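Student: Could we go through this one together, a bit at a time? I'll ask and you answer.

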Amino acid sequence: MSEIKLVRIYDHEQPDGYRILVDRMWPRGMSKIKADLGEWDKQIGPTNELRKWFNHEDEKFPEFKEKYIKELNANDFTPEFIKTVKEKLQTGDVLFLYGAKNREHNQAVVLKQYVESKL
């Protein structure tokens, strides 16, 4: 069974799968060739205001998660994104790529849980 996997785009070991960058900002120092993306869905990432407010501060993560889910629910692009993920999962794993250093408290973690709840 195929699954959604979270992968930090800077990791040397990259699993196989359909590669979707889910950050609104392009990862610093990463070339487009090295990123080897299937797509870059910047519109699914948190708004710049929410991203700056969160500032990757662990204690803000629960509130960030709530606010980001509200943004996802209101985002016109979300249904199309979920449809794409569902289609790609039929042929293999889907990788949500992100640039954050913190592997437990970032938007990709929230997005994975959100999408899986909708599949």
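Student: Before the details, is Val 7 buried or exposed?

Tutor: Quick note first: this is a predicted model, where local features need pLDDT of at least 70, side-chain atom pairs count only at pLDDT 80 or more, and totals for chains, interfaces and linings use all residues. Residues are numbered from 1 along each chain as its sequence is written, and side-chain values use heavy atoms, with hydrogens and water left out. Now, buried means under 20% relative accessible area, exposed over 50%, and partly exposed in between (1.4 Å probe, protein chains only). Val 7 has a relative accessible area of 4%, so the word for Val 7 is buried.

Student: Where does Val 7 lie, and which residue has its C-alpha atom 6.4 Å from that of Val 7?

Tutor: Val 7 lies in strand E1, residues 4-8; strands (E, at least two residues) and helices (H or I, at least four) are DSSP runs numbered from the N terminus. Setting aside neighbours within four places in sequence, Val 7 is in contact with Gln 14, Pro 15, Leu 95, Phe 96, Leu 97 and Tyr 98, contact being heavy atoms within 4.5 Å. The partner at 6.4 Å sits 88 residues away along the chain, and that's Leu 95.

Student: And Arg 8, how far is its C-alpha from that of Tyr 98?

Tutor: Arg 8 is also placed in strand E1, and at 15% relative accessibility it counts as buried. Beyond its neighbours within four places, its contacts include Tyr 98, Gly 99 and Ala 100. Arg 8 and Tyr 98 are 90 residues apart in sequence, yet C-alpha to C-alpha the separation is 5.1 Å.

Student: On to the helices: how is H4 oriented relative to H5?

Tutor: The axes of H4 (residues 78-89) and H5 (residues 107-118) come within 10 Å and cross at roughly 80°. Axes here are lines fitted to C-alpha atoms, for helices over the stretch in contact, with angles from 0 to 180 degrees between N-to-C directions. Angles under 35 degrees count as roughly parallel, over 145 as roughly antiparallel, 65 to 115 as roughly perpendicular and the rest as oblique. So H4 is, relative to H5, roughly perpendicular.

Student: Which residues of H5 make that contact?

Tutor: From H4 come Thr 78, Phe 81, Ile 82 and Val 85. On the other side, the H5 residues are Leu 111, Tyr 114, Val 115 and Lys 118.

Student: Which residue's side chain makes a polar contact with the side chain of Gln 107?

Tutor: Gln 107 is in helix H5 and, at 7% relative accessible area, is buried. Among the residues Gln 107 touches more than four places away in sequence are Val 22, Phe 64 and Tyr 68. A polar contact is a pair of N or O atoms within 3.5 Å; within protein, one must be able to donate a hydrogen and the other to accept it, and residues adjacent in sequence count only if both atoms are side-chain atoms. At 2.2 Å, the side-chain partner of Gln 107 is Asp 23.

Student: Last one: what is the phi of His 56?

Tutor: Most residues other than glycine have a negative phi. His 56 is in the loop between helix H2 (48-54) and H3, and at 39% relative accessibility it counts as partly exposed. Though not a glycine, His 56 has a positive phi, about 55°.
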